[in-house]
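In these entries I record what I looked up, beginning with a sheet and ending with a pair of helices.

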Amino acid sequence: MAPASPRVVVKVDLKKRPWQQTQPLHNRWHPEIPSVAEVKTGELFRVEMVDWTGGAVKEDGSAGDIKSIDLSTVHYLSGPIKVVDEDGVAARPGDLLAVEICNLGPLPGDEWGFTASFDRENGGGFLTDHFPCATKAIWYFEGIYAYSPQIPGVRFPGLTHPGIIGTAPSKELLRIWNERERQLEEKGVESLTLCEVVHQRPLASLPTTKGCLLGNIEERTSEWERIAKEAARTIPGRENGGNCDIKNLSSGSKIYLPVFVEGANLSTGDMHFSQGDGEISFCGAIEMSGFLELKCEIIRNGMQEYLTPMGPTTLHVNPIFEIGPVEPRFSEWLVFEGISVDESGRQHYLDATVAYKRAVLNAIDYLFKFGYSKEQVYLLLSCCPCEGRISGIVDSPNAVATLAIPTAIFDQV
């Protein structure tokens, strides 16, 4: 017998804003955000998602919407989804949630996406000191391929994946997140010379009621106010998975997520048609609306059995990702190297971020010689299937990073 069609457990209407959806979306991590759906282990189900800005970025060539975007609102996630076993027993704290990606893609009728870089005064990014102004490129999809009117001469196959997928944190894990990120904000750049090099602000995105969306929790009630002041932003990846931005996490992949609350409360969003390693422009990858078709299994007590805490508590763990068999095939690459010496000539000690920045800048300067603007190349390297590597991390004082670009994506080199 043929398998049943996936059950749609979260559906979105792209004509409506995120807060108008029938099944409420959310843009924070908190254990008290109620689930909007329930699935059983082994069941094939479908989750639809708006793009990470919830439709704030328009299908045009102007970067005005990027320059003025309200970054307190993102990312909009579909869920949470409660997961139970075949007997109806919910996933429990200490379990592992194995999530298999069976199918994914753009939503029908919305086959386009965007790549952008933020303005220095509103978000910044990896190369803000070189590219201080907002930029944007629109991409159109032809089957597995993408092309952009703003970056002519380029066409490449996408490796579609969710930028964000994760489980809800427990109250204790949420407290740990907020405390360590608050300390980072309070100490500032004095203890972090890297901040002087990448010029990225803010240092962390702390809880704020501004732009907060909490699913089924009624807005502006006392409960909403309390949770909004605690709920973690979705910007970074953390112990629950979250914004990992693993570009190869496509069809056939499996994610082993720690469970911190009853039911796991799985959420996902931030769909990408394609991404380069590092997603360097920050508003990077090719951002789009989309869908995931998933299956879940519960591994009882899996956190203790399979995950090793790297920190002071048993909550300091990280997911495991099993990458699927689907990826574009390329045979010829241009590889650019960077070392941990910044643009002023100052030596840094085994700093992989500085080294990767130098590799990216070397690639940009090279492709600039072939008729592209440096802004075009910056956006391209954020979303094309390029490969980033830490090639050396032990040979003092220079870390060595490389960026490999497949030459087949160009019709000119």
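Entry 1, the sheet. I looked up the strand order and found an open sheet of 6 strands, β1-β3-β16-β5-β13-β17, with mixed pairing. I took strands (E, at least two residues) and helices (H or I, at least four) as DSSP runs numbered from the N terminus, and two strands as paired if DSSP finds at least two bridges between them. The edge strands, each pairing on one side only, are β1 (7–10) and β17 (320–322). From one strand to the next, the twist averages 30 degrees.

Entry 2, the basis. I note that this is a predicted model, in which local features need pLDDT of at least 70 and side-chain atom pairs count only at pLDDT 80 or more, while totals for chains, interfaces and linings use all residues. Residues are numbered from 1 along each chain as its sequence is written, and side-chain values use heavy atoms, with hydrogens and water left out.

Entry 3, one edge. I found β1 joined to β3 (residues 45–49) by 3 bridges, the two running parallel. Val10 stands opposite Val47 in β3.

Entry 4, the helices. I found that α6 (residues 352–368) packs against α7 (residues 374–383) at about 130 degrees, with axes 9 Å apart; axes are lines fitted to C-alpha atoms, for helices over the stretch in contact, and angles run from 0 to 180 degrees between N-to-C directions. The contact (heavy atoms within 4.5 Å) includes Val360 and Phe368 of α6 and Tyr378 and Leu381 of α7.
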